[in-house]
Structures are given as structure tokens and as C-alpha cells.
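Please open the model in a viewer and keep the sequence panel visible. The tour below proposes a series of selections and describes what each one shows.

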Amino acid sequence: MALSKILAEVDSIAATVFVAVVVASLIYLKSSPPPPKAETTATPASVGALMRARRSIFPKDFASDPQIPREAVERALACANWAPTHGKTEPWRFVVFEGPSGVDKFLAMKHAAIAAQPGLPEDARKAALTKAEKKAKDLRKCAYIIAICVKRLRNASDKLMPMWEEVAATSMAVQNLHLALWTEKAYGYWSSGGYKGWLDVPDVRSMLGMDGDVDGERDDVLGFFFVGAATEEKVRGYRAKRGDVAAKTTWY
């Protein structure tokens, strides 16, 4: 074969590869936009101050007539959605019970689940129902109750990530949620009440859309995030301290 013909074929192959790379790059850029620029007002000091200021505020201290717009919760959920996710599975799922009617629906679901929970001795069931009724008064102060869920699913390579990694990713999403809500003066508390108990009742799993599984590994519900309003006085009353991080860190 003449050298000129070989070179022409090589040029043709190179051109084809170049076009394929360009097309693939354009598709990738379209489907994966660049990260947004960080706010210029955010500094290491301001971010650190926010993290140190955050507190878990309990429903007993919520205002009785919370005024938290849905848009504030939507913004916080959008922040939650940017948690790290190994395997890019984005396993977190949130089910929001909104306003008085939503809270009533949550309370009815909880009561029915405790009443139907299999294997629960009757004296324990009675005690759980009594406790739930007592807590209902405080929970009715919530503006929103958000179910924190983990969806089992394979990644793009058809791989099932370890469950602990999916729980860790979901927990990071909740931290994002909590911090974002704090900036909106919407306060909250992550309760794991019902975990491995009434949250396993099939009707609850079905209602929350967490009744699926992959290879026998089920979706999971990690609890609920209670959101409400509180006075500055109540919030300031929540004190917190941490031990020195140097005592918890080893450097090599």
C-alpha cells in the first residue's frame, strides 16, 4: 500500500476519533454542569461559625404557630441533595409531611403502625401508644416532619454499594439539610424513634415508598427530621460543647 494512502487512512481515523471525543465531551458537559461558584461572602470562619452554632432544637420548644414557608424547606432539601455519594447512587429520599394536615397524617400513620407492630407484647404496645399520645402534643407544633430514607439501588456500573456507605451518604445529606434550615431560622431535630420497630411495619414502608429491595437488601427508614420555629430565647437556651479535637486526632 502506498505511503500516501496509509497516511490518508490514518488521518481519516484520527479525524473520526477526534469527532467522537468532541461529541462525547459535549454530551458530558451538558449532562454534568460545572459546580456553581462559591458565594464570595462565605469564608472558612463564617462556615465554621455556622457549624458551631447549629443545635438540635426539640419539638417541645417549637412555637405553637410556626410560619416557615415551603420555599425555605425546598432550598434546604436542594442543599441536602449535594451530599457526597459513593458510586453516585444518591440514595437519600425524603418524604415531607407538611402543615397541620400533614402532621395529623404522620401521627395517624405512627399510631396505626404501633398498633399493628408484630411481635410486640401487649403491655409494651400499650406503653408505646401512651408515649406516642403524649408526644403528639409537641409534634403538632411541627411545621414539617421529614422522613429520612435510604433507597437501595445499583449504580451506573450495576454495582450495589455497601449499605453502610449509603447510610453515611444519607447522613451527610441530613447534615446539609440541618445547616441550611438553620440559616433560614427553621430549627429541627433528627429522631430515630421507631427505627427497627414500628418503622418496619409494611404499611409504613409502603406509604413512604420504601418497600423495595435489591438482592434481598431492603430500603430503610432512618427516622424523621422535625422542623419548626422557635424564639431566639429558646434557641439560645440550647448549650453545647465539644472536647478538644486534638484529643481525637492522630497525625503521622
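## The sheet

Begin by selecting S2 and S6: the two strands run antiparallel and are joined by 7 bridges. The model is a predicted one. Within this pair, select Tyr144, whose bridge partner in S6 is Val227.

Next, add S3 to the selection. S3 and S6 also run antiparallel, with 5 bridges between them. Two positions are convenient to display here: Tyr187 stands opposite Gly228 in S6, and Ser191 stands opposite Phe224 in S6.

Now include S1 to complete the view. The 4 strands form an open sheet in the order S1-S2-S6-S3, with antiparallel pairing. Strand S1 (92-98) and strand S3 (187-191) are the edge strands, each pairing on one side only. On average, neighbouring strands of the sheet are turned by 20° against each other, direction ignored.

Is S6 enclosed by the rest of the structure or open? Colour S6 by accessibility: 9 of its 9 residues are buried, so the strand is largely enclosed by the rest of the structure.

## Helices H4 and H5

Keep the sheet on display and select H4. This helix packs on the sheet, where it touches S1, S2 and S6. The direction of H4 makes about 115° with that of S1.

Then select H5, a helix of 18 residues. From its first C-alpha to its last, H5 reaches 25 Å, close to the 26 Å expected at 1.5 Å a residue. Show the side chains of Arg125, Ala132, Ala136 and Leu139, which are buried in H5. The cover over the buried residues of H5 includes H4, S2 and S6.

## The nonpolar cores

Which residues have the most contacts inside the largest nonpolar core? Select Phe106, Trp198, Leu208 and Phe224: these hold that position in a core of 30 residues. Helix H4 (99-116), helix H5 (122-139), strand S2 (144-150) and strand S6 (220-228) each supply at least two residues of this core. H4 gives the largest share, 6 residues. As general background, nonpolar side chains tend to be buried together in soluble globular proteins.

Centre the view on Trp198 and display its surroundings. Leaving aside residues up to four places away in sequence, Trp198 touches Phe106, Met109, Lys110, Ala113, Ile114, Gln117, Gly193, Val204 and Phe224. Apart from the largest core lies another, of 24 residues, among them Ala72, Ala143, Ala180 and Val227.

## Helix H6

Select residues 163-183, which form helix H6. The helix has 21 residues and reaches 31 Å from its first C-alpha to its last, close to the 30 Å expected at 1.5 Å a residue. The buried residues of H6 are Glu165, Glu166, Ala169, Thr170, Ala173, Val174, Leu177, His178, Leu179, Ala180, Leu181 and Trp182. When viewing the helix end-on, recall that an α-helix has 3.6 residues a turn, so residues three or four places apart point the same way.

Move on to Lys185, just after H6: this residue takes a positive phi of about 60°.

## Two loop residues with positive phi

Most residues other than glycine have a negative phi. Two loop positions may be inspected with this in mind.

Select Glu90 in the loop between helix H3 (70-80) and S1. Glu90 is not a glycine, yet its phi is positive, at about 45°. The residue is partly exposed, with a relative accessible area of 38%.

Then select Asp158, in the loop between S2 and H6. Phi of Asp158 is near 65°, again a positive value in a residue other than glycine. Asp158 is exposed, with a relative accessible area of 52%.

## The whole chain

Finally, clear the selection and view the entire chain. It contains 8 helices and 6 strands, which follow the pattern α-α-α-β-α-α-β-α-β-α-β-β-β-α along the sequence. Of the 252 residues, 35% count as buried. The chain exposes about 16000 Å², of which carbon and sulfur atoms supply 60%. Among contacts between residues at least 6 apart in sequence, 80% join residues at least 24 apart.

Note on methods: Residues numbered from 1 in each chain as written. Predicted model: local features only at pLDDT ≥ 70, side-chain atom pairs only at ≥ 80, totals over all residues. Heavy atoms only, no water. Buried < 20%, exposed > 50% of the residue type's maximum accessible area, 1.4 Å probe, protein only. Contact = heavy atoms within 4.5 Å. Areas by Shrake-Rupley, 256 points an atom, 1.4 Å probe, with all protein chains shown as cover. Expected span 1.5 Å × (residues − 1). Core = buried A, V, L, I, M, F, W, Y, C linked by side-chain atoms within 4.5 Å. Pairing = 2+ DSSP bridges. Axes fitted to C-alpha atoms, helices over the stretch in contact; angles between N-to-C directions.
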